[in-house]
Amino acid sequence: MPTILINGYKFRFYSSDVNEPPHVHVIRAERVAKIWLGSLEIENNRGYNKPELNKILKLIKHNETKLLEAWHEHFDR
């Protein structure tokens with residue numbers, strides 16, 4: 001399961017997500033959110049407050065090319 005560490009957050013892809021559009025699972029401590037790449041929509045959130053979600057969305061937007069490249073490298077084999 002590919003994991004990219006950015007500013008203390010783990011951005012992870014699960015192999016079982018192969019049939020879904022590109023997205024990341026953002027993990028830190030006991031918190032996790034699933035966020036669609038491209039639209040930056042939050043699919044689900046467990047534990048993050050609104051200011052932290054906004055920070056995560058900014059990190060994703062800033063690193064979206066890197067995250068999408070990692071997604072395609074993993075799933076387009």
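How many bridges join β3 to strand β4? Six bridges do the job, and the two strands run antiparallel. Strands here are DSSP E runs of at least two residues, helices are H or I runs of at least four, and both are numbered from the N terminus; two strands pair if DSSP finds at least two bridges between them. Bear in mind that this is a predicted model, where local features need pLDDT of at least 70, side-chain atom pairs count only at pLDDT 80 or more, and totals for chains, interfaces and linings use all residues. Residues are numbered from 1 along each chain as its sequence is written, and side-chain values use heavy atoms, with hydrogens and water left out.

Step back and you'll see five strands in an open antiparallel sheet, ordered β1-β2-β3-β4-β5. At the edges sit β1 (3-6) and β5 (42-46), each pairing on one side only. Within the sheet, R28 stands opposite R31 in β4.

Now for the aromatics. Rings of Phe, Tyr and Trp (its six-membered ring) pair if their centres lie within 6.5 Å; planes under 30 degrees apart count as stacked, over 60 as edge-to-face and the rest as tilted. By that rule there are three aromatic pairs. F13 and W71 have ring centres 5.5 Å apart and planes at 85°, so they meet edge-to-face. F13 belongs to the loop between β2 (9-12) and β3 (23-28) and W71 to helix α2 (residues 64-75), so this pair ties together parts 58 residues apart in sequence. W71 also makes a tilted pair with F75, at 4.2 Å centre to centre and 45° between the planes. Together, F13, W71 and F75 form one aromatic cluster.
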